[in-house]
Amino acid sequence: MNTNKISLCQAICLILIITINRLSINIPQSILIPMGSSSILNIIYVCLIAIIFTLIIVNLFKKFPGKDIVDVSEFLVGNGFKYIVGIFICINIVLVASILLRDFAEVVHIIYYSDTPIIFMLFFFIAVCIIANLFGGQSILKTNVIITILMVVGLLIIFASVIPNLTVQRIFPILGYGTYKTFFTGISSIFAFNGLSVLYLVPSMVYSGKNFRKASTIAVIIASILIVLATASSLLAFSFSIIIEKISPLYMLLSNNEFGRYLQHPESIFLFTWILSFMSYLNISCMLIVYILKKLTKVKNAKPFSIAIGVVFFIIALIPKSILQTRDTGTFLSKYVSIPITFIIFPIILVLANLKLKKMKPME
């Protein structure tokens with residue numbers, strides 16, 4: 001990662017690409033299957049929680065300008081704890097990115113490239129990831145701005161295109177399986193925002209705390225709108241009997257629509273956009289790990305780390321034997337690794353660090 005600070009636009013797109021990368025894979029059906037007809041109400045409720053949570057995190061970082069969670073951990077306990085937190089973040093990013101890589105590759109494999117061995121597809125993504133990171137973080141971030149905008153615009157076009165096919169009656173009963181299921185056990189839908197873990201690294205990358213606040217707020221609001229639209233489109237366009245877990249529901253939405261006489265297979269164009277966006281997601285995941293390792297090891301040139309990281313991505317992505325096993329692994333990581341880190345462990349560290357800082361000031 002280049003030591004130069006990133007712009008507000010780059011920060012917004014960085015948070016967005018990490019947060020919404022799973023929209024094109026399986027977020028909608030992962031919400032639809034347990035929530036039923038209350039999916040829209042449930043995800044709106046969860047989005048509000050995510051926005052409030054983001055504002056709380058931004059406020060907790062206010063007393064630590066230019067510091068990320070690794071720096072705050074060092075302040076709270078000491079140098080040893082900084083290494084523990086940093087390594088823990090790296091492991092989490094590696095596991096999540098590797099499983100998502102395999103999941104996305106399986107989706108593309110099933111839809112278009114069933115004759116191509118999955119190992120070749122994984123190798124292609126990894127090769128792009130390594131090469132991009134050898135060029136440097138600034139190149140990745142600038143490219144990501146363009147790709148993220150294309151992805152967001154593409155998603156909005158998808159949602160607009162299915163409006164004629166929506167059946168509003170599918171929203172009833174509006175509470176689905178009941179109030180308790182929608183608002184209490186339904187809080188588990190917060191997994192859709194696991195990508196908010198990137199918020200803990202952004203403060204040290206941006207020019208100021210003001211930019212961090214703006215970037216975080218804008219990104220989470222855009223992500224919330226897209227997730228609500230994706231969930232609503234999937235619920236209102238499909239009967240529950242045809243929810244298919246093997247492929248993307250957004251792909252299903254596209255494959256059932258034609259954009260005029262000259263564009264009868266729009267899913268091909270949008271699949272290309274999704275491939276670009278996932279490449280960018282993988283590139284940034286690797287970049288973030290390189291950034292953390294550089295902070296921990298204090299080496300001047302951390303770019304060679306990207307080669308080893310890419311190899312680890314590749315090896316872990318090969319482990320699952322099927323798409324079902326891949327998604328089971330992804331669900332396990334989401335419930336027992338990503339959610340606790342993002343919404344419990346790191347917030348506790350920030351709260352304790354703020355309390356420590358508050359106690360130190362009167363003594364000074």
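This is a dialogue between a visitor and a guide about how to read some features of a predicted model.

Visitor: Where should I begin, and how many helices and strands does the chain have?

Guide: A good way to begin is with the secondary structure, and in this predicted model the chain comes to 13 helices and 0 strands. Read from the N terminus on, the elements therefore run as α after α, with no other letter in the series.

Visitor: How much of the chain counts as buried?

Guide: The general idea is that a residue counts as buried when its relative accessible area is under 20%, as exposed when the value is over 50%, and as partly exposed in between. In this chain of 364 residues, 54% count as buried.

Visitor: Which residue could I use to practise those words on a helix, for instance in helix H12?

Guide: Take Phe 314, which is found in helix H12 (residues 305-318). Its relative accessibility is 19%, so Phe 314 counts as buried, since the word applies to values under 20%. Although Phe 314 and Ile 99 are 215 residues apart along the chain, their C-alpha atoms are separated by 9.8 Å.

Visitor: How many salt bridges does a search of the whole structure find?

Guide: To recognise a salt bridge, look for a side-chain nitrogen of Lys or Arg within 4 Å of a carboxyl oxygen of Asp or Glu. A search of the whole structure finds 4 of them. One of these joins Lys 295 and Asp 71, whose side chains meet with N and O 3.2 Å apart. This pair links distant parts of the chain, with Lys 295 in helix H11 (residues 266-297) and Asp 71 in helix H4 (residues 69-76), 224 residues apart.

Visitor: Are Lys 295 and Asp 71 buried or partly exposed?

Guide: Lys 295 counts as partly exposed because its relative accessibility is 21%, whereas Asp 71, with a relative accessible area of 16%, is buried. The pair also belongs to a network of salt bridges, in which Asp 68, Asp 71 and Lys 295 are linked.

Visitor: Which side chains make polar contacts with Ser 204?

Guide: Ser 204 is found in the loop between helix H8 (179-183) and H9, and at 7% relative accessibility it counts as buried. A polar contact of 2.8 Å joins its side chain to that of Asp 68, and Asp 68 is a member of the salt-bridge network with Asp 71 and Lys 295. The side chain of Ser 204 makes a further polar contact, of 2.6 Å, with the side chain of Tyr 291.

Visitor: Which residue forms a salt bridge with Glu 106, and how far apart are the two in helix H5?

Guide: The partner is Arg 102, and the closest N and O atoms of this salt bridge are 3.0 Å apart. Glu 106 and Arg 102 are separated by about one helical turn, because they are 4 residues apart in helix H5 (residues 79-111). Both residues are buried.

Visitor: Which residue forms a salt bridge with Asp 103?

Guide: Arg 327 does, and here the closest N and O atoms are 3.0 Å apart. Arg 327 lies in helix H13 (residues 323-363) and Asp 103 in helix H5, so the pair ties together parts that are 224 residues apart in sequence. Arg 327 is buried, with a relative accessible area of 11%, and Asp 103 counts as buried at 3%. Gln 325 has its place in helix H13 as well, and at 34% relative accessibility Gln 325 counts as partly exposed. From C-alpha to C-alpha, Gln 325 and Asp 103 are 9.6 Å apart in space, while 222 residues separate them in sequence.

Visitor: Which residues form the positive surface patch?

Guide: The positive surface patch is formed by Lys 62, Lys 63, Lys 210, Arg 213 and Lys 214. Among them, Lys 210 lies in helix H9 (residues 209-237) and is partly exposed, with a relative accessible area of 49%.

Visitor: Which helix gives the most to the nonpolar patch?

Guide: That helix is H13, with 6 residues. The patch has an area of about 580 Å² and is made by Phe 88, Ile 344, Ile 345, Ile 348, Val 351, Leu 352 and Leu 355. Leu 352, for example, lies in helix H13 and counts as partly exposed at 42% relative accessibility.

Conventions: Residues are numbered from 1 along each chain as its sequence is written. This is a predicted model: local features need pLDDT of at least 70, side-chain atom pairs count only at pLDDT 80 or more; totals for chains, interfaces and linings use all residues. Side-chain values use heavy atoms; hydrogens and water are left out. Buried means under 20% relative accessible area, exposed over 50%, partly exposed in between (1.4 Å probe, protein chains only). Patches are made of residues with over 30% relative accessible area and no salt bridge: like charges are joined within 9 Å, nonpolar side chains (Val, Leu, Ile, Met, Phe, Trp, Tyr) within 5 Å. Accessible areas come from the Shrake-Rupley method with a 1.4 Å probe; for residues, only the protein chains shown count as cover. Lys and Arg count as positive and Asp and Glu as negative; His and the chain ends are not counted. The place of a charge is taken as NZ of Lys, CZ of Arg, CG of Asp or CD of Glu. A polar contact is a pair of N or O atoms within 3.5 Å; within protein, one must be able to donate a hydrogen and the other to accept it, and residues adjacent in sequence count only if both atoms are side-chain atoms.
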